[in-house]
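Colleague: I am new to this structure. Please take me through one part in close detail, the surroundings of the bound ligand and its metal ions.

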Amino acid sequence: MPSAPWSTVQLAEFLEVFELLEMLDGVNMTRIAVDRVAAALDAEVVALLIDETVVRCLGFPADAVPVKLLRNAAEVRFSILQVPGIGEVHSVSAAVSTAGCTMVVLRAGNPFDKEEETLVRSMARALGLAMTATDRLTESRMLAERLAERQYLSDRLAQIQKSISHRAPLQEVMDSITQGAAELLSADVVGLRVVGLGEGADAIASLAGYPGEGLAHFRSIPLDQGFSGRAFTEGVLVSTMDFPADAAALGSAPEAFIEAVMAAPVHHDGHIVGVINVASREVGRIFTPPEEEILLRLADHASLAVTDAAAIHALRDSLEGERFKASHDALTALPNRTTVLEMIEYELDHTARGVPLSVLYIDVDRFKLLNDMYGHSFGDRVLIEVASRLRSAVREEDLVGRLAGDEFVVVAPGISAEDAEALAQRVTYQMTQPLVIDGRGTQLSVSVGVAESAAGLSSEELLGNADVAMYRAKTSGRDCVVCYDVQMRDEMFKRADLEQEISLGLKAGEFVPFFQPSMNLETGKVHSLEALVRWNHPTRGLLAPDAFLELAEETGLIVEIDKSVLDESCRQLAGWTRLNPDLTISVNLSVRHFAHPEIVDFVAETLAKYRLHGSRLWLEITESMVMANDAMTLEILRSLRSLGVRFMVDDFGTGYSSLVYLKRYPIGALKIDREFVDGLGSDLEDEAIVTAIIRLADALGHEVIAEGVETAAQQEWLVQSGCIYAQGFLFSKAVSADALEVLLSTAVTVENGFL
Ligand code: C2E
Ligand code: MG
Ligand code: MG
């Protein structure tokens, strides 16, 4: 195979250099090119000139390039030159590129032949092409870099936008903005602060490029101060390359070593709410217009994030408000029945086998009475107080809820009924602490039922059991704690049945008054009649009040019973007027009925209906009814009194201890309770009490009637002691209207006895 001509080999070797083009920049490439040319042609000097300037030269020291000589050589293709230090040289030149670059090759000794001349031209051409390619490459490299930068910027912004749209916490978004700014702007410190967005967003601050404790300090700087403060107060981007001087001019102590700073405002709802600032410690650093642009974009993103977070905040607030309203009681802010049941359900589901769960069902005693007597706002205050006392009485892990009205609940995880009973005792103790509302002192008590979870019991059932136990606490005298047991449920059902029966009985007119006379022991004649209700039960026969009164009182049905007794009593009395025109009748009033403001109208209407004067009617009230000692009670008593109606205090001495009401209220008579009458003639204490009551009544000008007189000895003692009115089995039991009419018409007296 014929060997390749010399020049071809040289050119091929020369071209190899450019295969490395990708890795070479323009400078390196021309250096290697002139080396190769010199080697290929055995030349002393190789130079590259652009226009009049030598851009590269091999063969002379850098400070001794004979520019003029080379320029001359470049202008002609061949020449022979005298070069200082070398002597006579042959020169050949060739255009490297169209851009005015020329290669000059000088060689001492042999002149260049044709082949060599062609080689020089080829090499110059190749170099020219390579240089153009490198220029392009550099250009495109720069372009690529710029593109990459832009891509990075937009990636970074997109990332921030994404975290905003994904509803990342505001702090997280802010952190990504400061981090992004630090990277995009090659800043040493980036700070971002937002204020005045209400709770939560208020304290948002993010700091990049600063040690941890810097954040607290950063937060403490007023936003409108210092150099960055101008962005806040003026609402524009501010920038300085001489931060120490600018900060000092503004009277603030500049941060050490900071050289350049720029800051941009953050907006929300048309107002400036924050500032983002970037700082550089690099000496001579200037933030360029494109960098200002980037900061403005980042500030826009911060504004967007803040606006979004504020909107979400407001939405969440209102959603939470709605959710809270739906799950909590408006008055006490305690969880409501639904929530309580859910909590019990949750506890039942999540409590390990063998770990107990107890529920306390709490009902405020006589709450309805307080409510009726002092008004609803007073009642509300009582309930709020009950809620707060409950919270303070229970353990941290216990849940307090309000079920309805005056019914509260405590869900106590992890404790048995026995321990829950102790907890309940603490609750009852708390409740009985003195309470003053609107200057009115009162004392509360609660009845508490306790029930413990058992296998297979639902939340409803567990709560139901506690309710049943609470019911028992009520019926066994209130102000106490009762633990649930199975029999209680049956009783509950019985009571529910009874309530139903009472309602039906009322409609069927089964409740009727019987009448028991009280006697005037001096004249031996009937003094007055007491109406005592009886229930003509369709299957159980005649029932006394102890069979139904308590339940009727609890359920409020007593009001209807009292009304029908009052009506029927007045009707009968009107009928008996012809037998005894002065005969009076006393009717018992329940607390409930008494607290009803409509009672005045009802009594007035009833008296009018039967054409009776009010003085023919006594109303029996108990000490507890007047204990309230308030304006409403007085008003009711006075209104009724103005109708001529008089009042007797029933069971005197067994109730409230204050006697103030005797003075304040229009009381006409005291009824000495049977408890004291029992011991007359035999018990010195009873005798002393009764003597005192008789004297007291006498002193106040009240009549006094002894109740439950059963023996002649008691009667004798009363006569001796100056008590002239008496009522009791000794004279007569309560009898039906018909039986009483017979007695009245036969004018039976104490002496010949009734029945
Ligand atoms: P109270 O008003 O103190 O009535 C007296 C109670 O003592 C009556 O019982 C009466 O039958 C009974 N009693 C009378 N004399 C004697 C006696 O010598 N010995 C004994 N052991 N008992 C005697 P009752 O009728 O069972 O009524 C009980 C309570 O029920 C009443 O006590 C009263 O507080 C209430 N009550 C009765 N009727 C009504 C009514 O129509 N409305 C309201 N709200 N309460 C009523
Ligand atoms: Mg009575
Ligand atoms: Mg009585």
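Modeller: Start with the neighbours of ligand 1. There are 23 residues around it, and Arg534, Asp562, Asp650, Glu710 and Phe729 come nearest. A residue is near a molecule if one of its heavy atoms lies within 4 Å of it.

Some ground rules first. This is a predicted model, in which local features need pLDDT of at least 70 and side-chain atom pairs count only at pLDDT 80 or more, while totals for chains, interfaces and linings use all residues. Residues are numbered from 1 along each chain as its sequence is written, chains are lettered from A and ligands numbered from 1 in the order in which they are written, and side-chain values use heavy atoms, with hydrogens and water left out.

Now the polar contacts (pairs of N or O atoms within 3.5 Å). The side chain of arginine 534 has an N or O atom 2.9 Å from an oxygen atom of ligand 1. For aspartate 650, the corresponding distance to a ligand 1 oxygen is 2.8 Å. Glutamate 707 places a polar side-chain atom 3.1 Å from an oxygen atom of ligand 1.

How much of ligand 1 does the protein bury? Taken alone, ligand 1 exposes 790 Å², and the protein buries 81% of that. These areas come from the Shrake-Rupley method with a 1.4 Å probe.

Which elements build the shell? β19 (525–537), α17 (558–576) and β23 (646–652) each give two or more residues to the shell around ligand 1. β19 gives the most, with four residues. Helices (H or I, at least four residues) and strands (E, at least two) are DSSP runs, numbered from the N terminus.

By class, the shell has nine nonpolar, five polar and nine charged residues. Here Ala, Val, Leu, Ile, Met, Phe, Trp, Tyr, Cys and Pro count as nonpolar, Asp, Glu, Lys and Arg as charged, and the others, Gly among them, as polar.

Next, the metals. Donors are N, O and S atoms within 2.8 Å of the metal (3.2 Å for Na, K and Ca); water is not among the atoms, so sites may look incomplete.

Take the magnesium ion (ligand 2). Its protein donors are Glu530 (OE), Asn588 (OD1), Glu620 (OE) and Asp650 (OD), lying 2.0 to 2.3 Å from it. In sequence these donor residues are spaced E-x57-N-x31-E-x29-D. Glutamate 530 sits in strand β19 and glutamate 620 in strand β22 (residues 617–621), so the pair ties together parts that are 90 residues apart in sequence.

Are these two glutamates buried or exposed? Glutamate 530 is buried, at 4% relative accessible area. Glutamate 620 is buried too, at 1%. Buried means under 20% relative accessible area, exposed over 50%, and partly exposed in between (1.4 Å probe, protein chains only).

Now the magnesium ion (ligand 3). Its protein donors are Asp650 (OD), Asp651 (OD), Glu707 (OE) and Glu707 (OE), at 2.0 to 2.5 Å. Their spacing in sequence is D-D-x55-E. Glutamate 707 also has the polar contact with ligand 1 described above.

What links the two ions? Aspartate 650 bridges the magnesium ion (ligand 2) and the magnesium ion (ligand 3), which lie 4.1 Å apart. Aspartate 650 is buried, with a relative accessible area of 7%. Its sequence neighbour aspartate 651 is partly exposed, at 25%. Aspartate 650 also counts among the residues that come nearest to ligand 1.

Note on methods
Polar contact = N/O pair within 3.5 Å; in protein donor to acceptor, adjacent residues only side chain to side chain.
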